[in-house]
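Open the model in your viewer and keep the sequence panel visible. The tour below goes from one selection to the next and says what is there.

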Amino acid sequence: MKFTGERLIPAEIPETDGLFREHMERYLFAMKYVKEGDTMLDVACGTGYGTYCLSSKTEKVYGVDISSEAIEYAKGHYGKKNIVFVEGEAAKLDFPDNFFDVVCSFETIEHLSESEEFLQEIKRVLKPGGILVISTPNRETYPGGKSPSAFHKREFSLSEILG
């Protein structure tokens, strides 16, 4: 798999790199909300490194990504007994209602045209009282209100993401 800037490939980026550290900080933050025995979903898991990290505390963690190449990479590099990597769309999650204790999705919503559908799907698959841990760039912090990423469909402000 080739590094394009869209998905983190740990083998291609030193752990001292700011992008790598930023990515890992998100997963370390998410782990504060995971309890032993939880079933968790990592939406837009990319190459699976973060999903692998989350698996240390969960009963089972599912990593979903739209890229078949990313899923194959994840299975080959980070497969583990309590991890299931599946190809799928963030706005059309193929899981039963009320299935997950925790859902995390980092730097995903800004890539989607169907952001409302994505949030509805997360709400559907989360158990009552479940926890969503989500991150997205804040467009108010970018000069001109727009990030330089060609991969982003829409940037959000803090008030928009909090809804």
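Select Glu121, which is buried at a relative accessible area of 13% (buried is under 20% relative accessible area, exposed over 50%, partly exposed in between, with a 1.4 Å probe and protein chains only). Add Arg124, which is partly exposed at 24%. Glu121 and Arg124 are three residues apart in helix 4 (residues 115-125), about one turn of the helix. Salt bridges with shared partners join Asp97, Glu121 and Arg124 into one network. Between Glu121 and Arg124 the closest N and O atoms are 2.9 Å apart, and the pair forms a salt bridge (a side-chain nitrogen of Lys or Arg within 4 Å of a carboxyl oxygen of Asp or Glu). Side chains of opposite charge can pair when their charged atoms come close.

A note on the source: this is a predicted model, in which local features need pLDDT of at least 70 and side-chain atom pairs count only at pLDDT 80 or more, while totals for chains, interfaces and linings use all residues. Residues are numbered from 1 along each chain as its sequence is written, and side-chain values use heavy atoms, with hydrogens and water left out.

Stay on helix 4 and select Glu117, which lies in this helix and is partly exposed at 44% relative accessibility. Show Glu89, Glu114 and Glu116 as well: with Glu117 they gather in a patch of negative charge on the surface. Patches are made of residues with over 30% relative accessible area and no salt bridge, like charges being joined within 9 Å and nonpolar side chains (Val, Leu, Ile, Met, Phe, Trp, Tyr) within 5 Å. Asp and Glu count as negative, Lys and Arg as positive, and His and the chain ends are not counted. The charge is placed at NZ of Lys, CZ of Arg, CG of Asp or CD of Glu, and the areas come from the Shrake-Rupley method with a 1.4 Å probe, only the protein chains shown counting as cover for residues.

Go next to helix 3 (residues 68-78) and select Lys75 with Glu72, which are three residues apart there, about one helical turn. Their closest N and O atoms are 3.9 Å apart in a salt bridge. Lys75 is partly exposed at 43%, whereas Glu72 is exposed at 52%.

Which residues of helix 3 are buried? They are Ala70, Ile71, Tyr73, Ala74 and Tyr78. Looking down the axis of helix 3, you find these buried residues within an arc of 160°, so they line one face of the helix; the arc is that of the directions from the helix axis to the C-beta atoms. The face turned away from this buried side carries the exposed residues Glu72 and Gly76.

Now select Lys35 and Asp38, another salt bridge, with the closest N and O atoms 3.8 Å apart. Lys35 is exposed at 53%, but Asp38 is buried at 4%. In total, the count is six salt bridges.

Next, select Gly130 in strand 5 (residues 126-135), partly exposed at 27%. Add Phe99: its C-alpha is 9.4 Å from that of Gly130, though the two are 31 residues apart in sequence.

Finally, show the whole chain as a cartoon. There are five helices and five strands, in the order α-β-α-β-α-β-β-α-β-α along the sequence. Helices (H or I, at least four residues) and strands (E, at least two) are DSSP runs numbered from the N terminus. Of the 163 residues of the chain, 45% are buried.
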